[in-house]
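Reader: I am new to this structure and would like to learn how to read it. Could you take me through it feature by feature?

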Amino acid sequence: MSTLKVGAIQSTTGNAAITVAANGNTTIGGTCTFSNNPSGISVASIGVGQTWTDVTSSRAINTVYQNTTGVPIMVNIFFVCPFTSRGQLQVSASSGSGYITIADSDGGDYYSASQYTEHYNTVSAIIPNNIYYKIIPTSSMTLKGWAELR
């Protein structure tokens, strides 16, 4: 077994850095990707140190929110909508435009549902840090619950 001792390792790209000091302390900055989790390095994972929180009372349909927690969160939204409507969870890197649909749920099964029947639906997704997100209906929906793992 051989050992390489280095005073410091530094990225020259300017967007990520791993520094190993002479005393063995490791500092990670920017965005770093590991093929495994080396001993002594803490990597934030979804669910680690997070709890499910009911945020229904502070959330609304067609309203933009931003994940500013510093880590990815999971969003779980449930709602009812009529047979002809859909609920779409959308995300964007900016608050005003560029939204894409990442989860979509419709109001029912065309073969077994009545147009007068409302159906319960759920959309879920992981929202990266600093990303904007919102739930929108294609026609109408009633929000029943909104929980976030944060």
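Author: What follows goes from the strands to the core, and then to one residue and the charged pairs. This is a predicted model, in which local features need pLDDT of at least 70 and side-chain atom pairs count only at pLDDT 80 or more, while totals for chains, interfaces and linings use all residues. Residues are numbered from 1 along each chain as its sequence is written, and side-chain values use heavy atoms, with hydrogens and water left out.

Reader: How many helices and strands are there in the chain?

Author: Helices (H or I, at least four residues) and strands (E, at least two) are DSSP runs, numbered from the N terminus. By that reading the chain has 0 helices and 10 strands.

Reader: Which strands form the open sheet, and in what order?

Author: Strands of a sheet pair through backbone hydrogen bonds, either parallel or antiparallel. Here two strands pair if DSSP finds at least two bridges between them. The open sheet has 4 strands in the order β4-β9-β6-β7, with antiparallel pairing, and its edge strands, each pairing on one side only, are β4 (65-66) and β7 (100-106). Within this sheet, β6 (residues 86-92) is joined to β7 by 6 bridges.

Reader: Which strands pair with β10?

Author: Strand β3 (residues 52-54) pairs with β10 (residues 142-149) in the antiparallel sense over 3 bridges, and W52 has L149 as its bridge partner there. β5 and β10 are also antiparallel, pairing over 7 bridges, and F78 has G145 as its bridge partner in β10.

Reader: Which residues touch the most other members of the largest nonpolar core?

Author: A nonpolar core is a set of buried Ala, Val, Leu, Ile, Met, Phe, Trp, Tyr and Cys residues joined through side-chain atoms within 4.5 Å. Buried means under 20% relative accessible area, exposed over 50%, and partly exposed in between (1.4 Å probe, protein chains only). The largest core has 18 residues, and I77, I127, Y133, I135 and W146 touch the most other members. At least two residues of this core come from each of β5 (73-82), β6, β8 (118-127) and β9 (132-137), with β5 giving the largest share, 5 residues. Contact means heavy atoms within 4.5 Å, and, leaving aside neighbours within four places in sequence, I127 is in contact with residues including P72, V91, I102 and Y133.

Reader: Is G87 buried or exposed?

Author: G87, which is found in strand β6, is buried, with a relative accessible area of 0%. G87 stands opposite S105 in β7, and the residues that G87 touches beyond four places in sequence include F79, V123, I135 and M141.

Reader: Which parts of the chain does the salt bridge between R59 and E148 tie together?

Author: Side chains of opposite charge can pair when their charged atoms come close. A salt bridge is a side-chain nitrogen of Lys or Arg within 4 Å of a carboxyl oxygen of Asp or Glu, and by this rule the count comes to 4. One of them joins the side chains of R59 and E148 (3.2 Å, N to O). R59 lies in the loop between β3 and β4 and E148 in strand β10, so the pair ties together parts that are 89 residues apart in sequence. R59 counts as buried at 16% relative accessibility, and E148 is buried at 0%. E148 also meets R150 in a salt bridge (2.7 Å, N to O), and R150 is partly exposed at 31% relative accessibility. Through shared partners, salt bridges join R59, E148 and R150 into one network.
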